[in-house]
Amino acid sequence: MTRIAIDCMGGDHGPSVTVPAAIRFLAEQSSVQLLLVGREEVLRPLLGAQADHPRLRVVHASEVVGMDESPSLALRNKKDSSMRVAINQVKSGDADACVSAGNTGALMAISRFVLKMLPGIDRPSLCAPLPTSRGHTHLLDQGANVDCTAQQLLQFGVMGTALVAAMERKEKPTVGLLNIGEEDIKGNEVVKAAAELLRRSDLNFVGNVEGDGIYRGCADVIVCDGFVGNVALKTSEGLAQMLAGSLRDEFKRNWLTRLAALFAISVLNRFKKRFDHRCYNGAILLGLKGISVKSHGSADELAFGNAIRRAFDAAENRVLERIAAQMAQMTQLQPLAAEEVQ
């Protein structure tokens with residue numbers, strides 16, 4: 001039985017989304033136990049007939065971390081927040097993973113403080129899948145680290161490779177480095193140094209990947225710093241929403257376009273399902289001694305349910321053990337490579 005702790009109070013919508021999503025996932029997955037963390041007086045009325053479900057438990061937490069709250073203040077002053085209590089469940093071994101749609105900075109700070117880092121990893125990295133013409137890729141970092149060293153980018157490559165190998169059963173996932181050009185001479189000094197480290201590693205490095213290469217599926221794992229990754233992610237989501245809205249407007253333009261929409265409805269539904277960003281919700285905070293998953297703050301029931309599934313799959317496939325094992329293999333190579341690059 002895989003146990004998932006859910007911060008039910010976090011996010012823009014709180015329990016009105018997190019609780020129904022949890023109940024639906026409980027019905028879909030027979031081998032999961034859910035710990036719903038939050039104010040018991042708020043959560044229990046929302047459970048209805050599921051209040052006494054044998055695989056569901058409410059864990060009371062008296063405080064809530066605000067979406068605009070300072071991460072440092074949340075870490076210091078709110079030790080009984082739903083977010084911290086959910087993470088504590090992983091630390092204590094009562095849960096195998098936790099999920100939150102709350103304040104991203106607070107989740108990263110509290111997760112790192114409570115769970116600690118795996119050996120050989122400097123910083124945690126947010127990693128989530130993105131759709132491509134060939135299926136999907138994994139982009140990291142998506143916002144946990146604004147500035148990174150070449151060595152940290154190499155570590156991201158190791159963690160992303162371990163994640164894909166574990167969850168998708170790929171023996172040697174390909175790794176690309178997000179850059180402004182495919183040529184070796186392109187990029188700033190950090191990116192050039194990172195490319196050299198990746199080439200000297202035992203990862204399946206395929207070289208630099210430009211922005212359009214993300215969606216062409218040029219690599220299973222694409223590495224970048226959190227500033228670049230977050231801009232790429234949010235730009236992609238904005239473009240997808242704009243195109244979907246524009247397409248709807250065009251089909252509603254007149255009776256002929258409405259008629260055309262009826263004939264195209266099956267194609268449009270498949271298109272929506274394939275590129276709906278809600279289906280890719282749930283970024284794993286890799287590098288910690290525990291699984292912590294960040295959902296979009298604005299997630300609806302479908303999106304939050306997918307974040308829960310992401311946490312479940314990571315725990316089931318022993319992602320942490322894979323990362324730790326691969327980092328152990330890299331410990332001798334990393335210092336040597338870093339010295340040669342410098």
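This passage describes the sheet of a predicted model, the strands and helices around it, and two individual residues.

The sheet is open and is formed by 11 strands, whose order is S3-S2-S1-S4-S11-S10-S5-S6-S9-S7-S8, with mixed pairing. At its edges are strand S3 (56–60) and strand S8, each of which pairs on one side only. On average, and with direction ignored, neighbouring strands of this sheet are turned by 25 degrees against each other. In general, the strands of a sheet pair through backbone hydrogen bonds, and the pairing may be either parallel or antiparallel.

Both kinds of pairing can be followed by moving through part of this sheet. Strand S1 (residues 2–7) and strand S4 (residues 97–100) run parallel and are joined by four bridges, with Ile-4 standing opposite Ala-97 in S4. Strand S4 is also joined by four bridges to S11, again in a parallel arrangement, and here Cys-98 stands opposite Ser-292 in S11. Strand S10 (residues 283–286), by contrast, pairs with S11 in the antiparallel sense over two bridges; the bridge partner of Ile-284 in S11 is Val-293, while Ala-283 stands opposite Lys-294. These two strands, S10 and S11, form a hairpin with four residues between them, and Gly-287, which lies in the turn, has a positive phi of about 105 degrees. Strand S5 (residues 125–132) pairs with S10 in the antiparallel sense over three bridges, and the bridge partner of Cys-127 in S10 is Ile-284. Ile-284 is thus a bridge partner of Val-293 in S11 and of Cys-127 in S5.

The directions of the side chains in two of these strands can be considered next. In a regular strand, the side chains alternate between the two faces of the sheet. In strand S11 (residues 291–294), Ile-291 and Val-293 point one way whereas Ser-292 and Lys-294 point the other way, and all are buried. In S10, Ala-283 and Leu-285 point one way and Ile-284 and Leu-286 the other way, and here too all are buried.

Helix H7 (residues 189–200) packs on the sheet, where it touches strand S7 (174–178) and S8, and the direction of the helix makes about 170 degrees with that of S7. Glu-189 is found in helix H7 and counts as exposed because its relative accessibility is 60%, which is over the 50% cut-off. Between Glu-189 and Gly-213, which are 24 residues apart in sequence, the distance in space is 21 Å from C-alpha to C-alpha.

Asn-208, in strand S8 (residues 204–209), counts as buried because its relative accessibility is 9%, which is under the 20% cut-off. A polar atom of the Asn-208 side chain lies 3.1 Å from the backbone oxygen of Glu-183. When neighbours within four places in sequence are left aside, the residues in contact with Asn-208 are Leu-177, Asn-179, Gly-181, Glu-182, Glu-183, Asp-184 and Ala-195.

A pair of helices can also be described. Helix H4 (residues 82–92) and helix H5 (residues 104–115) have axes that come within 10 Å and cross at roughly 35 degrees, and the crossing is right-handed. The residues of H4 that meet H5 include Met-83, Ile-87 and Val-90, and those on the H5 side include Leu-107, Ile-110 and Phe-113. By class, nine nonpolar, two polar and two charged residues make up the contact of H4 with H5.

How values were computed. Residues are numbered from 1 along each chain as its sequence is written. This is a predicted model: local features need pLDDT of at least 70, side-chain atom pairs count only at pLDDT 80 or more; totals for chains, interfaces and linings use all residues. Side-chain values use heavy atoms; hydrogens and water are left out. Buried means under 20% relative accessible area, exposed over 50%, partly exposed in between (1.4 Å probe, protein chains only). A polar contact is a pair of N or O atoms within 3.5 Å; within protein, one must be able to donate a hydrogen and the other to accept it, and residues adjacent in sequence count only if both atoms are side-chain atoms. Contact means heavy atoms within 4.5 Å. Axes are lines fitted to C-alpha atoms, for helices over the stretch in contact, and angles run from 0 to 180 degrees between N-to-C directions. A crossing is left-handed if the near helix is turned anticlockwise from the far one by less than a right angle, and right-handed if clockwise. Ala, Val, Leu, Ile, Met, Phe, Trp, Tyr, Cys and Pro count as nonpolar, Asp, Glu, Lys and Arg as charged, and the others, Gly among them, as polar. Two strands pair if DSSP finds at least two bridges between them.
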